[in-house]
Structure formats: structure tokens, C-alpha cells
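I opened this notebook to record what I looked up in the structure, entry by entry. The cavities come first, then the strands, the ligand and a pocket.

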Amino acid sequence: MNSKLITTSDIEVILLRTGLEPLLDQLIERLREGFARLDMSTAMIPARTGIQYFKPDLGLLEWMPAAVGSGKATLKLVGYHPSNPVQRRLPTILSTLCVFDTTTGHLSGIMDGTFATALRTGAMSAIATDALAERKDSCLGIVGCGAQAVTQCHALSRVLPIRAIVAYDRDPLAAASFGKRIGFLGIPVKTVDASNLFTLLESADVLCTCTSEAPGNGPLFADFKNKPGLHINAVGSDFPNKFELPVDLLRRSFVCPDFRAQALVEGECQQLMPEAVTIDLSELLRAPDLQRSLRSELTVFDSTGHAYADYVAGLLFLEYAESMGLGTDVDLECAPPDPKDPYSFLNKPEFAEFTSRTADTTSH
Ligand SMILES: NC(=O)c1ccc[n+]([C@@H]2O[C@H](COP(=O)([O-])OP(=O)(O)OC[C@H]3O[C@@H](n4cnc5c(N)ncnc54)[C@H](O)[C@@H]3O)[C@@H](O)[C@H]2O)c1
């Protein structure tokens, strides 16, 4: 039975035809509308789970399912291997995204999830920033200058006027190449070393932490004297005991997770009591008055990575592939002529003994 295989080249053609920015804007809007409608009490989106290993390096494989009663479900498989960029010139996050038909369980599409993850993670921070940050010329602080930092800067630039970006990475090579990687934005970028990290933190109007700091090593820095109304997108905390922000800062912030149950286990919220986490992004998007009142406050978007964001991104790419005639139909799942005989698809003469017996059985 055919499944549509959407390769990296197909995604490149989709981006060439739509334009990267229009597609990012469209994704931001779809996520904003989708999350404002999302009802987690009826959606089937369990907190993700996975397996972790420590050899040859720290690594993690996770699965992120999502179904919202639309006839389609998605399952993202995602690997987190933070030694990849330096040791293998591979991204830390590698991912595959599957789309299923919930009437039959048929795999209708399978595509790269690495690009979709980066794009939707940026888009999610843009939505939270748009809801919680003051709309003024802003200085954007970045801690961790890897792959996610690129889409954080790009997506935030679509919702906020950014006058300057100040960035820090503990890896001097990652810091040194960051300006070039986001040069297309045309925003002045300054990188600082560890001795100026607190200057970066204290001058930011909006801050994104997107590091691969190891579980047990956080926070990245001690509490600091923030500018009034600072909004933080904490992106790197997505595993038990892995967090980036100091608990003192969290305690004096309004903390809004993307996915409450998941964030309490593996986000910044794991450092807080459950009752301190009052609403999630969906509820916030349905509360415009609350958004307005929070813009002058210290706020944190605890982004752990929501499977519904993958669902929205996956369906968007599948939709474009189908409308543009892209992707390759691959006969992947075995659907034998007799659904009750798994041997009945075997057509080669060598299998005649088994298939004729099948024919005999079915004819009686
Ligand atoms: N919230 C989400 O939806 C989501 C989605 C994707 C990735 N992530 C997480 O975001 C983080 C970054 O992912 P990525 O793909 O950009 O990884 P990456 O490896 O490309 O970049 C991470 C960067 O963080 C730097 N870093 C590590 N510890 C640091 C520290 N203490 N101070 C400063 N810099 C530090 C590294 O040197 C590296 O350059 C990861 O933890 C990943 O799990 C979250």
C-alpha cells in the first residue's frame, strides 16, 4: 500500500515555491489558531516518552504522538544527540514525522521532521513572545547559538521589531559562526564571552535560552536583575533534570508552559510546585486581557516541544506536497490481496506452494 515519502529535496522545493518567510508566517498563524482551539481534555496527546542511553555519548530517542479527532494522527520520532554537531557534523536533533489515517491506521505520509522541528520551535516561541512581550524595539538575548537559535531569531523577527541580537555560546566556534548563520535577518548581531553573560541577560528585552546543557548541570546562570517586562523563551529544557533557568527567577515570573503535564516532568516547570503552573499556552491564547496585563511583567514560556505543533507542521508539509505533486509513493505497508492471509502477496513462482494452498483454503 502506498505511503507518500516526502524527502528533504521535496521540502526544499516546497520552500522554493512558497518562500521560507511566507511559510514560516503561515505556520505561525496555523499554530496560533490551532493552539487557541486545542482542547487537551479531548485531544489524544500523551506526554512524550522515550529511551535514553549514555554510550558512546549521551543520546535520546523519543516518540511524540498526536491525534485530535480529524481523521489523521501524527507520530514524530526524534533523536537528541548533543555530541552530533562537533563530533559528526550532524544536527543535535534528527527527526522523522509520520502521518496516519485514523480510519485504517495506514501510514499516509512519512517525511523529514528535523526541519519541521526547528521551524515549529521557532514559531511556538514567536506566538508566546507575541502574547507576552511588549511590542517595542527590542534587544534579543540568545544563550546557546545552535540550530534552534537560528529559527528562534527568525521567527521572533516576524512578530517583534528587533533592534539588536546579543548572543552567547560556551562553544566559541558556535558563537563565532552565529552572526553569519542569521546574517540574512539584517539585524546587528554581537556575540559575547562568558565574562559578559550577565550584561547580555540584563540588557535583554526578550531572551531565548536554547542550549544543549546536560541533565543535572543546570541552571545556565544565577538569577539576575532583569529589565522590566523581560520575556524569556526557555527552549532547551526538555528532559527530566535538564533545565536552564534558575529557580529563583522562575518563582518571581509568570511561567506558561506549552504542555503543562509534560513541562512538570521535563521542562522548567519541574522546578516548581504543580500549583504554581496555572495555565498553558492554549489557555493563554484564549485570554487576551491576561496577555495584555502580563506584557509589563517578567514572563517565561516553558517550551518543551508539543506533539500538536508537530501535527500542525506535518500536515502543512503534507498538504503542500500533495497540492504541488511532490513526494514519492512508496509501496511500504504490506496489504495482501487476502487480508487474512499474510502470504497472499507472494507472487513469485518460488512461493506457489504457499499461495496455492492459500487459494485452496479460501475457495472452500
Ligand atoms: N522546546 C522545543 O520544542 C525544542 C525543540 C528542539 C530542540 N530543543 C532543545 O533545544 C536545545 C538546543 O537544540 P539545538 O538543536 O539548537 O542544539 P545544538 O547542539 O545545535 O545547539 C546547542 C548549543 O548550546 C550550546 N550550549 C550548551 N550548553 C551551554 C551553556 N551552558 N551555555 C551556553 N551555551 C551552551 C552548545 O555549545 C551548542 O552550540 C536542546 O536542548 C534541544 O533538546 C527544544
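**Entry 1. The largest cavity.** I began with the residues that line the largest cavity: Gln52, Leu58, Gly59, Leu60, Tyr80, Pro215, Asp238, Phe239 and Lys242. For the term I used a 1 Å grid over the protein atoms alone, where a cavity is a set of points that a 1.4 Å probe fits but cannot leave, and a lining residue has an atom within 4 Å of a point. The space in this cavity is about 50 Å³; a volume is the space filled by probe spheres set on the points, which are joined across faces, edges and corners. I sorted the lining by class and found five nonpolar, two polar and two charged residues. In this scheme Ala, Val, Leu, Ile, Met, Phe, Trp, Tyr, Cys and Pro are nonpolar, Asp, Glu, Lys and Arg are charged, and the others, Gly among them, are polar.

**Entry 2. Basis of the values.** I noted that this is a predicted model, in which local features need pLDDT of at least 70 and side-chain atom pairs count only at pLDDT 80 or more, while totals for chains, interfaces and linings use all residues. Residues are numbered from 1 along each chain as its sequence is written, and side-chain values use heavy atoms, with hydrogens and water left out.

**Entry 3. The other cavity.** How many cavities of 30 Å³ or more are there? I recorded two. The second largest has a volume of about 40 Å³, and among the residues that line it are Ala133, Glu134, Asp205 and Pro228. Its lining has four nonpolar, two polar and three charged residues.

**Entry 4. Strands E2 to E5.** I then followed the strand pairing from Gln52 and Leu60, which are both in the lining of the largest cavity. Helices (H or I, at least four residues) and strands (E, at least two) are DSSP runs numbered from the N terminus, and two strands pair if DSSP finds at least two bridges between them. Strand E2 (residues 49-53) pairs with E3 in the antiparallel sense over five bridges, with glutamine 52 opposite leucine 60 in E3. Leucine 60 also has a bridge partner in E4, tyrosine 80. Strands E3 (residues 59-67) and E4 (residues 72-80) run antiparallel and are joined by eight bridges. E4 in turn pairs with strand E5 (residues 93-101), again antiparallel, over nine bridges; there I found lysine 72 opposite aspartate 101.

**Entry 5. Turns and backbone.** Five residues form the hairpin connection from E2 to E3. Proline 56 has its place in that loop, and a cis peptide bond, with omega about 0°, joins it to lysine 55. The hairpin of E3 and E4 has four residues between the strands, and glycine 69 in it takes a positive phi near 80°. I found another cis peptide bond between glycine 218 and proline 219, with omega about 0°; proline 219 lies in the loop between strand E10 (206-209) and strand E11 (231-234). Arginine 89 has a positive phi near 50° although it is not glycine, and its loop runs between helix H3 (84-88) and E5.

**Entry 6. The ligand.** Which residues are closest to the ligand? I listed Thr92, Asp169, Thr211, Asp238 and Lys242, out of 28 that surround it; a residue is counted if one of its heavy atoms lies within 4 Å. By class the shell divides into nine nonpolar, 12 polar and seven charged residues. Helix H4 (114-132) and helix H5 (147-157) each supply at least two residues, and H4 gives the most, with three.

I next looked up polar contacts, here pairs of N or O atoms within 3.5 Å. The side chain of lysine 242 has an N or O atom 2.7 Å from an oxygen atom of the ligand. For glutamate 213, a polar side-chain atom lies 2.9 Å from a ligand nitrogen atom. Threonine 121 has a side-chain N or O atom 3.5 Å from a ligand oxygen atom. The protein covers 93% of the 850 Å² of accessible area that the ligand has on its own, by the Shrake-Rupley method with a 1.4 Å probe.

**Entry 7. A pocket.** The second largest pocket holds about 310 Å³ of space; a pocket is an open set of points with protein on both sides within 12 Å along at least five of seven lines. Its lining has 14 residues, and the closest to its centre are Pro91, Thr114, Phe115, Ala118 and Ala147. Helix H1 (8-18), E5, H4 and H5 each give two or more residues to this lining, with the largest share, four residues, from H1. I counted the classes as eight nonpolar, four polar and two charged.

Note on methods
A polar contact is a pair of N or O atoms within 3.5 Å; within protein, one must be able to donate a hydrogen and the other to accept it, and residues adjacent in sequence count only if both atoms are side-chain atoms.
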